[in-house]
Amino acid sequence: MSILEAIKNNRILLSDGAWGTLLQAKGLKPGECPELWNITHRPDVISIAESYLLAGSDIIETNSFGGNKFKLSEYGLGERVDEINMAAAAISREASGTGKYVAGSIGPTGKMLLIGDVTETELYDAFSQQAIALEKGGADIIIIETMSAVDEASLAVKAARDKTNCTVIITMTFSRTLNGEYRTMMGVSPEEMVVSMKEAGAHIVGSNCGNGIGDMISIVRSIRAADSKIPIMIQANAGAPELINGKTIFRESPEMMASFIPEIIKAGASIIGGCCGTTPDHIREIGKSIGR
Ligand SMILES: [Zn+2]
């Protein structure tokens, strides 16, 4: 069953949690390219996917968030985009077999159209290349995440729709403004995201990172108010980040996160996972609260 059919049948789906912190726990050093680990430390990356499968995830992401040409070029790996993304998807597919969904992760390029950093064609081509490689490696979903600009996100969604047969999810990162509204770094509201991303061809929209799950409830309500049908995915941080002795800490326990799940489902979310600070324990607890 495709993920869209599963959602139509009122299934609540469990995604996975953070990968970066688990890679660091396995020895990834600051300044090292996380995506190169798909080639150099394959068993370690597989074991992260497996830990989320054991926790009950229906959807396993891929270690490819920074796998676009621009980001990989910063490590001198710009020529290895296809190889690295195919490996990322193959790892998550190998771990999860055929019964689960593999969501190929695509993050921002770090380039801004607004200031003429890059052209639309260059961005579109970079996203196309990454999406094609992720599908080739075994992804059946492309998840474009942590986006904040409509122009960049639209090009990513269009590229994934044009060049693959994957279901396309886009999640943006919002923060709360002083008057209690939610906006991305580029000033996009949840409502504006829904309209523009549907127009670009997204199947599923939502939000990841930036907030704990409590704040995500208002974002889900805004999305649902703007569109009564589009499926919504939420991957919240384990609470708001706190800076302690120069280190970013996320304090929300698995039980605290899980306690918000009934309310976020009621607001309209149908895919739930975690972002920064979340672990397989958080995912397992969220899974319990959706009846796993
Ligand atoms: Zn995050």
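Buried positions in helix α6 are V81, I84, N85, A87, A88, A89, I91, S92, R93 and S96. Keep in mind that this is a predicted model. Besides α6, two other spots get a look here: a zinc site held by cysteine sulfurs and M147 in strand β4.

**Helix α6**
- The helix runs over residues 81–96, so 16 residues in total, and spans 23 Å from first C-alpha to last, close to the 22 Å expected at 1.5 Å a residue.
- Cover for its buried residues comes from several elements, among them the helices α3 (37–40), α4 (42–54), α5 (69–73) and α7 (120–137).
- Strands β2 (59–61) and β3 (101–106) are also part of that cover.
- Right after α6 comes G97, with a positive phi near 70°.

**Zinc site**
- Which atoms coordinate the zinc ion? The SG atoms of C209, C275 and C276 do, at 2.2 to 2.3 Å.
- Along the chain, these donors follow the pattern C-x65-C-C.
- C275 is buried, at 15% relative accessible area, whereas C276 comes out at 29% and counts as partly exposed.

**M147 in β4**
- M147 belongs to strand β4, which covers residues 141–147.
- Is M147 buried or exposed? It counts as buried, because its relative accessibility is 0%.
- Setting aside neighbours within four places in sequence, M147 touches G107, P108, F127, E152, A153, I170, T171, M172, T173 and T184.
- V118 sits 29 residues from M147 along the chain, and their C-alpha atoms are 16 Å apart.

Notes. Residues numbered from 1 in each chain as written. Predicted model: local features only at pLDDT ≥ 70, side-chain atom pairs only at ≥ 80, totals over all residues. Heavy atoms only, no water. Helix = DSSP H or I, 4+ residues; strand = E, 2+ residues; numbered from the N terminus. Buried < 20%, exposed > 50% of the residue type's maximum accessible area, 1.4 Å probe, protein only. Contact = heavy atoms within 4.5 Å. Donors = N, O, S within 2.8 Å, 3.2 Å for Na, K, Ca; no water. Expected span 1.5 Å × (residues − 1).
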